[in-house]
Each structure stands twice: as C-alpha cells, then as structure tokens.
Amino acid sequence: MRFAVLPGDGIGPEITAATIAVLDTVDARLGLRLQYQEHEVGLAALKRVGTTTPEGVIAACRAADGIILGPVSHSEYPTRAEGGINISAELRVVLDLYANIRPARSRQGLPHYGRTGMDLVIVRENTEGFYSDRNMHWGVGEFMPTPDLALSVRKITAEGSRRIARAAFDLAARRERKKVTAVHKVNVIKISEALFLREVRAVAQEFPGIAYEEQLIDSMAALLVRDAERFDVVVTTNMFGDILSDEASELSGSLGLAGAINASATHCMAQAQHGSAPDIAGQDKANPVSLILSAAMLLDWLARQAPGREGFVAAARAIEAAVDALLADPARRTPDLGGPLGTRAYTAALCEEIGRRLVA
Ligand code: NAD
C-alpha cells in the first residue's frame, strides 16, 4: 500500500511525522505493508524550486493508494503565476475528491463546549458551491467588472448534489442512528439551494431505512451549540460544511481533534481539519490528533475498497481507541487541551498505547 505524503507548511511536518510514527506502529503489529513516498510542497518548495506544487507531485498523488496531506499556509502564498498553488484545493479538483467527511465526537473525560455531547459527521460537498477559486472548469468564478464592483459565482449541480447525498446516506446506513440532516438556505438562495434539496430528497427515497430531515444553516449553527446530540450525519454544500465542521469540532472539545478525509470513488486524501498554525510551528506544541485520526479514516476507506483488508479496520479502531484513552487522561494531553505533553512526547505515548492494545 503506497501512500504519498505531503508534510505541508507550519506545523505540517511535525504532525505528519507523528502520523507516520503511528502508522508505523500499527503496521509493525498488523503487517499492513505500508510504504511512504514523501514530496516537498508549500513554502519550502516555493523557496527551492519556485512553486508550492512542484511538477510530478499531483501525478504521484494520483498514482498512490492514499494521500496524507499536512496543512498548508496558502494565505501566505503568492499568486498562481508566481508559483503559489494551493495543493489542497488543487488535489480536490484534479482528483475530483468530492466528499469531505468530517466527524466531530465528544469524548469521555474531556470537556466539550456545546451544551450537549455529540457524535456526528458532517458530509461536505467539496468541489463546487461558493468556492469560486475552484468551482469552474477554466478560470475563476469571481471577477470585477469595475474597480468598485465584485461578483462571485456559486455553482450547484444536480450530479454534485446527488453524489454527496449518496455519500451521506451510505455513511448513515453504516452508523447506528441512521439519520441524515440536510442543511441549506433555500428560503433565501431559492434556486440553487432548491436544486441541492431536490437531489438530496430524491436520494433519501432510495434509503427508506434512514430518517431524513432538513435544517436551515443559521439555525443549524445555533443548534450545534444547544443540542448537537440530536444530529447524526449532516449533508451540506461546500462553504456551509466548511464552517459548520469547524464549529462542531471545536464544540466537541477542540479543532485539533477533528479528523477528515477527502474522497472520490477511487482516491482518498487524509487531511487535518485545522490550518498550518504558524504561531506554534516548530515549537513541539502542536496536537497531531487531527491528522492521525484522518489517517485512521483513510485506513477505513481503504478497507471498504477491497475485501480481505480486516487489518486496516483493526488498525483504525486501535488508533481511535488509543486516542480516546489518552484524551481521558489529563496527564497525557497536548498543550492546546491544557496538557503537559509536547508533540513528540504525545506521539510516543500514543504509539505505546496502540502497541499495548494490539498485543492484548
Ligand atoms: P489554524 O487552524 O492554522 O489556527 C487557528 C488556531 O488554532 C491557532 O491559534 C493555532 O495555533 C491553533 N491550532 C490549529 N491547529 C492546531 C493543532 N493541531 N494543535 C494545536 N493548536 C492548533 O487557522 P489560521 O491561523 O486561520 O490559518 C493558518 C494558515 O493555515 C493560513 O495560511 C490558512 O490559509 C491555512 N489553512 C490551511 C488549511 C488546510 O491546509 N487545510 C485549512 C485552514 C487554514
């Protein structure tokens, strides 16, 4: 199993090294035969070769069985013409990684900030919507007819809505509560949101065993604070999903805990939900859990792609259980959660815990 590994910027290299250490630990116990091919991207590559996305990196990602991408400091990048290519957006578009799956779960023993605990997954459409830097076939969906007038195009397609709805219902069918909530703003954005809902409702008909409901985006933001435990799988368009998933993760305990994958039928990329945290980069303070849990989700995704990969599922469960065990213990947390362990010490403790679980 070959993984393309792109450490990225800021805390990216630190949390990527932690993630590889964890994968090495499960590999040593379960014989998953993981191989890694590391590629330099981001500001280091810009300095060395003049582009944040050197030639060949995208092709290597396309050819790999899975991708692990550290966060990138794309707001610091120069223009595309000057070599500043946001590889996160680029890979989502080029590999058509339309499903961004972002779980948020509160943990036993760890304070959460919402009024209730939660165990939900936000299924975010990842290739269209308001993201005008990437929602066109050619050019960008944003332009200025005059110096004082800026327009932005939001794209919603029936196919894009249908396939993200299917991803959400498929996921809900594998979960205990079997419920999907579609989040929208059809009362204001009457045409494109109606198209999105039309397709989600049609897919809901294909899944009679899954409860289906709809929620306006603004009230959803409040309900996540007030009563998040009522949600199971939440499906929504690109920007709503981006914002709601950060809110949900933070309310569940910390944005640093939130794993995520970006997937199509044939490719999957593990990517932390948070950014590159330049304020703490290189200080051994970053919480690596988000990228580690993203890698566990990648293992789960790979297990569903072909039979006979039970070892990948066992590895993912062992990683999640070990993360939960450390989170329950204030002495084994990272500084963002008030704990004493730096990134390296935390990773060593996590690997030890995983090793113990896989031997038992
Ligand atoms: P951020 O998520 O990087 O940081 C927000 C705050 O959370 C900071 O105080 C940071 O120290 C803290 N934080 C984030 N991750 C943490 C972790 N794992 N452990 C401990 N603390 C953590 O958001 P930002 O500051 O708005 O953005 C910084 C850069 O990241 C920008 O260039 C932005 O464009 C980029 N970004 C990248 C991605 C991505 O690669 N997917 C996503 C969001 C932002």
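In this predicted model, strands β6 and β7 run antiparallel and are joined by 3 bridges. Strand β6 covers residues 142-146, and strand β7 covers residues 149-152. The two strands form a hairpin, with 2 residues between them. Thr146 has Leu149 of β7 as its bridge partner.

Strand β5 has pairings with two other strands. Strand β5 spans residues 119-125. Strand β4, made of residues 99-105, pairs with β5 in the antiparallel sense. That pairing extends over 7 bridges. Within it, Arg102 stands opposite Ile122 of β5. Strand β10, residues 233-236, runs parallel to β5. Here 4 bridges join the strands. Val123 faces its opposite number, Val235 in β10. Of the 7 residues of β5, 6 are buried, so the strand is largely enclosed by the rest of the structure.

Arg102 itself belongs to strand β4. Its relative accessible area is 5%. Buried means under 20%, so Arg102 counts as buried. The side chain of Arg102 also makes a polar contact with the side chain of Asn100, at 3.0 Å.

Helix α4 comes next. The helix consists of residues 87-94. At its start, a side-chain oxygen of Asn86 reaches to within 3.0 Å of the backbone nitrogen of Ser88. The helix is mostly covered, as 6 of its 8 residues are buried. The buried residues are Ile87, Ser88, Ala89, Glu90, Leu91 and Arg92. Val93 is also found in α4, but this residue is partly exposed, with a relative accessible area of 37%. Val93 can also be placed relative to Asn126. The two residues are 33 apart in sequence. In space, their C-alpha atoms are 8.4 Å apart.

Two aspartates deserve a comment on backbone geometry. Most residues other than glycine have a negative phi. Asp96 is not a glycine, yet has a positive phi of about 55 degrees. Asp96 takes this angle just after α4, in the loop between α4 and β4. Its relative accessible area is 31%, so Asp96 is partly exposed. Asp284 also has a positive phi, of about 60 degrees, although it is not a glycine. Asp284 is located in the loop between β12 (268-271) and α9 (289-305). With a relative accessible area of 22%, Asp284 is partly exposed.

The ligand is surrounded by 17 residues. The closest are Ser75, Gly275, Ala277, Asp279 and Asn287. By class, the shell holds 7 nonpolar, 8 polar and 2 charged residues. Oxygen atoms of the ligand lie close to polar atoms of the protein at several positions, including Ala277, Ser276 and His74. At Ala277, a polar backbone atom is 2.8 Å from a ligand oxygen. At Ser276, a backbone N or O atom lies 3.0 Å from an oxygen of the ligand. At His74, the side chain takes part: one of its N or O atoms is 3.5 Å from a ligand oxygen. On its own, the ligand has 810 Å² of accessible area, and the protein covers 69% of it.

The cysteines complete the account. A search of the whole structure finds 0 disulfides. Cys268 is in no disulfide. For Cys268, the nearest cysteine sulfur is that of Cys61, 12 Å away. A disulfide needs two cysteine sulfur atoms within 2.5 Å. Cys268 has a relative accessibility of 1%, so it counts as buried. Cys351 is buried too, with a relative accessible area of 14%.

Technical notes: Residues are numbered from 1 along each chain as its sequence is written. This is a predicted model: local features need pLDDT of at least 70, side-chain atom pairs count only at pLDDT 80 or more; totals for chains, interfaces and linings use all residues. Side-chain values use heavy atoms; hydrogens and water are left out. Buried means under 20% relative accessible area, exposed over 50%, partly exposed in between (1.4 Å probe, protein chains only). A residue is near a molecule or strand if one of its heavy atoms lies within 4 Å of it. A polar contact is a pair of N or O atoms within 3.5 Å; within protein, one must be able to donate a hydrogen and the other to accept it, and residues adjacent in sequence count only if both atoms are side-chain atoms. Accessible areas come from the Shrake-Rupley method with a 1.4 Å probe; for residues, only the protein chains shown count as cover. Ala, Val, Leu, Ile, Met, Phe, Trp, Tyr, Cys and Pro count as nonpolar, Asp, Glu, Lys and Arg as charged, and the others, Gly among them, as polar. Two strands pair if DSSP finds at least two bridges between them.
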